[in-house]
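User: I should like to go through this structure by question and answer, with the reasoning set out at each step.

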Amino acid sequence: MSVSVHEVSNVSDADLDKYTKLLAEAFHYQFFGGALGNDRTLQEPMIRAHLAAALVPGGGEVHVAELPDDGVVGVAVWFGPGQKFLVTDAQRNAGWNQLMERLPDQYRDWWTKFLTDYDALVEKSLGGLEVKLGGYHLQLIGVAPEHQRKGVAASLTKYAEAKAHAKRVPTLLETVGPTNVTIYKALKFEIAGSGPLVAPPPAQGSFEMFVFIKHTESDGYAG
């Protein structure tokens, strides 16, 4: 299967809609579902906010994977060295703030706490947030359901890893759930740390988040 991957910019509204829908379908319309009150109508605005934040000038990068007969079958959102999700007003106003306005107070409050605790976990795991800020960070990745388990996601990560290696910086990501942990270990990412984060309301308790790193900054990186 011949997968080609490239970065996109100056994305039309039609293409942004297409990438949004592909990612929503990849996550079966359940991406952070509990933290959105399990409101399915908020799934596409949530994902679009991630894409739009990366497409703000200087904000981040959007990579797409294509097949000759099928077009775009995978999308990844990355933040490169010196970039971070929601760090600027322009990023937040590209859809995130509008999404938060649609949520009840209890969910907005949860997101505020979650993002703070999430940064603290990453900082503790990596020995400082500057490690994440200095590398290539994967924020979101998804493959159309009919093309999953065919190496598309691996092609998307390898493309970003090559960019990271060229700049001699690490590649990083966070994830939850045993299936995802197994996937990223198979892609040769290493667990830098993990810890509990408070579950969104009305659930009680917490969930475990894992912080991964791949040392693409190393001369010994082999892809």
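Analyst: A residue is called buried when its relative accessible area is under 20%, and exposed when that area is over 50%. The model discussed here is predicted.

User: Is strand S3 largely enclosed by the rest of the structure or largely open, and how many of its residues are buried?

Analyst: Strand S3 covers residues 71-79. The strand is largely enclosed by the rest of the structure, because of its nine residues the number that are buried is eight.

User: Which strand is joined to S3 by seven bridges, and do the two run parallel or antiparallel?

Analyst: The partner spans residues 61-67, and a hairpin of three residues links this strand, S2, to S3. Within the pair, Val 62 stands opposite Val 77 of S3. The seven bridges therefore belong to an antiparallel pairing of S3 with S2.

User: Which residue of S4 is the bridge partner of Ala 76?

Analyst: Strand S4, residues 136-143, runs antiparallel to S3 and is joined to it by six bridges. In S4, the partner of Ala 76 is Ile 141.

User: How are helices H1 and H2 oriented to each other: parallel, antiparallel, perpendicular or oblique?

Analyst: Two packed helices are described by the angle and the distance between their axes. For H1 (residues 13-26) and H2 (residues 43-55), the angle is about 125 degrees and the axes are 9 Å apart. An angle between 115 and 145 degrees falls outside the parallel, antiparallel and perpendicular ranges, so H1 is to H2 oblique.

User: What is the handedness of the crossing of H1 and H2, and how many charged residues are in their contact?

Analyst: The crossing of H1 and H2 is right-handed. Among the residues making the contact are Asp 13, Leu 16 and Lys 21 of H1, and Glu 44, Ile 47 and Arg 48 of H2. By class, the contact of H1 with H2 has seven nonpolar residues, one polar residue and, as for charged residues, five.

User: Is His 50 buried or exposed?

Analyst: His 50 is placed in helix H2. Beyond its neighbours within four places in sequence, His 50 is in contact with Phe 31, Val 77, Phe 85, Trp 96, Gln 139 and Leu 140. Its relative accessibility is 3%, so His 50 counts as buried.

User: Is Glu 101 buried or exposed, and how many Å apart are Glu 101 and His 50 in space?

Analyst: Glu 101 lies in helix H3, residues 89-101. At 63% relative accessibility, Glu 101 counts as exposed. Glu 101 and His 50 are 51 residues apart in sequence, and in space their C-alpha to C-alpha distance is 16 Å.

Methods:
Residues are numbered from 1 along each chain as its sequence is written. This is a predicted model: local features need pLDDT of at least 70, side-chain atom pairs count only at pLDDT 80 or more; totals for chains, interfaces and linings use all residues. Side-chain values use heavy atoms; hydrogens and water are left out. Buried means under 20% relative accessible area, exposed over 50%, partly exposed in between (1.4 Å probe, protein chains only). Helices (H or I, at least four residues) and strands (E, at least two) are DSSP runs, numbered from the N terminus. Axes are lines fitted to C-alpha atoms, for helices over the stretch in contact, and angles run from 0 to 180 degrees between N-to-C directions. Angles under 35 degrees count as roughly parallel, over 145 as roughly antiparallel, 65 to 115 as roughly perpendicular and the rest as oblique. A crossing is left-handed if the near helix is turned anticlockwise from the far one by less than a right angle, and right-handed if clockwise. Contact means heavy atoms within 4.5 Å. Ala, Val, Leu, Ile, Met, Phe, Trp, Tyr, Cys and Pro count as nonpolar, Asp, Glu, Lys and Arg as charged, and the others, Gly among them, as polar.
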